[in-house]
Amino acid sequence: MKVDNDKEKEKGPQAPSKPYDTERIITTVNDIDFSGTYSYANYLNWHIQERFELIKGKIFKMTAPSTKHQRFTGRIFLELGNFLKGMKCEAFIAPFDVRFPYKSKDDVDVTTVLQPDVCVVCDPGKIDSRGCLGAPDIVVEVLSPGNNRKELDNKYKVYEEFGVREYWIIHPSERTLIQYVLNDEGTFVAGRPYAGGNELVSDLLPGFRLNIDELFMNCDDED
């Protein structure tokens, strides 16, 4: 990894400006202070219908996915899941918590928890009953109108910093997929956009091919 990223990782997120009781059970979104800074220990006690992600302690609300979003997510999950049958790597689909530990793996110290649309984990030791602790090998995100630029930028930085080896971003409106690959310096490098008539290939999964035309099939009339 890059030296600057390592220093930032050691530093971790800033301490909360207010103390938040990690034992307090939250049952309504109105009881959450969105200006605060939280940990996974807090997150576990949010017994509410709304879904959130944490990025260095800050809350990002997740909007309900559209039908188009779910079609893309499901198609990629099925392709990856079928390909990986009998292999060490395993595919997971949201909602699935991925915790990114900074200074320790303790719940109170974990302040970044994301739910990638699809991810592939090749280290079984990272999987537990609550999801994944540590970076997946592949992360797939489907863009939607509910995504905001700050959220996307922060996620990109987290995935790069923690060493996600491949990051695939699907642009439904452009009917393209961009694949970022982590280089030896720990930096994402973008390949050319995959569009119709192409197949995505992965160095991490030799033999896997994703047909882009099939991915976007029958989605032209949806928002």
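Helices here are DSSP runs of H or I with at least four residues, numbered from the N terminus. On that basis, I32 falls in the loop that joins α1 (3–11) to α2 (40–43). The model is predicted.

Despite its loop position, I32 is not left open to solvent. Its relative accessibility is 7%, so I32 counts as buried. Beyond residues up to four places away in sequence, I32 touches I26, Y38, W46, I48, F52 and I59. The partner I59 stands 27 residues from I32 along the chain. The C-alpha atoms of I32 and I59 are separated by 9.6 Å.

Strand β9 covers residues 138–142. Five of its five residues are buried, so β9 is largely enclosed by the rest of the structure. The burial applies to both faces. I138, V140 and V142 lie on one side of β9, and V139 and E141 on the other. Each of these side groups is buried.

Strand β9 pairs with β6 and with β10. The pairing with β6 (residues 118–121) is antiparallel and has three bridges. Within it, C119 has V139 of β9 as its bridge partner. The pairing with β10 (residues 166–171) is parallel and has five bridges. Here E141 is matched with I169 of β10. V139 and E141, which share one face of β9, thus appear in the two pairings: V139 opposite C119, and E141 opposite I169.

The cysteines were examined next. The model holds one disulfide. It is formed by C89 and C122, whose sulfur atoms are 2.0 Å apart. The link is right-handed, with 105 degrees about the S-S bond. C89 lies in the loop between α3 (67–83) and β3 (90–93), and C122 in the loop between β6 and β7 (127–128), so the disulfide ties together parts that are 33 residues apart in sequence. Both ends are enclosed. C89 has a relative accessible area of 15% and is therefore buried. C122, at 12% relative accessibility, also counts as buried.

Why are C119 and C132 not bonded to each other? The sulfur of C119 has its closest cysteine sulfur in C132, at 6.2 Å, which is too far for a bond. The cut-off for a disulfide is 2.5 Å between the sulfur atoms. From the side of C132, the closest cysteine sulfur is that of C119, again at 6.2 Å. Both residues are buried: C119 has a relative accessible area of 1%, and C132 a relative accessible area of 0%.

Nonpolar packing was then considered. In soluble globular proteins, nonpolar side chains tend to be buried together. The largest nonpolar core of the model has 25 residues. Those with the most contacts inside this core are I76, L80, W168, I170 and L177. At least two residues of the core come from each of α3, β6, β9, β10 and α5 (212–215). The enclosed strand β9 and its partners β6 and β10 are thus among the contributors.

L80 illustrates the reach of these contacts. Leaving aside neighbours within four places in sequence, L80 is in contact with A91, V118, V120, W168, L205 and F208. Among these, W168 is also one of the core residues with the most contacts. Apart from the largest core lies another, of 24 residues. Its members include F60, F92, V121 and Y159.

Key
Residues are numbered from 1 along each chain as its sequence is written. This is a predicted model: local features need pLDDT of at least 70, side-chain atom pairs count only at pLDDT 80 or more; totals for chains, interfaces and linings use all residues. Side-chain values use heavy atoms; hydrogens and water are left out. Buried means under 20% relative accessible area, exposed over 50%, partly exposed in between (1.4 Å probe, protein chains only). Contact means heavy atoms within 4.5 Å. Two strands pair if DSSP finds at least two bridges between them. A nonpolar core is a set of buried Ala, Val, Leu, Ile, Met, Phe, Trp, Tyr and Cys residues joined through side-chain atoms within 4.5 Å.
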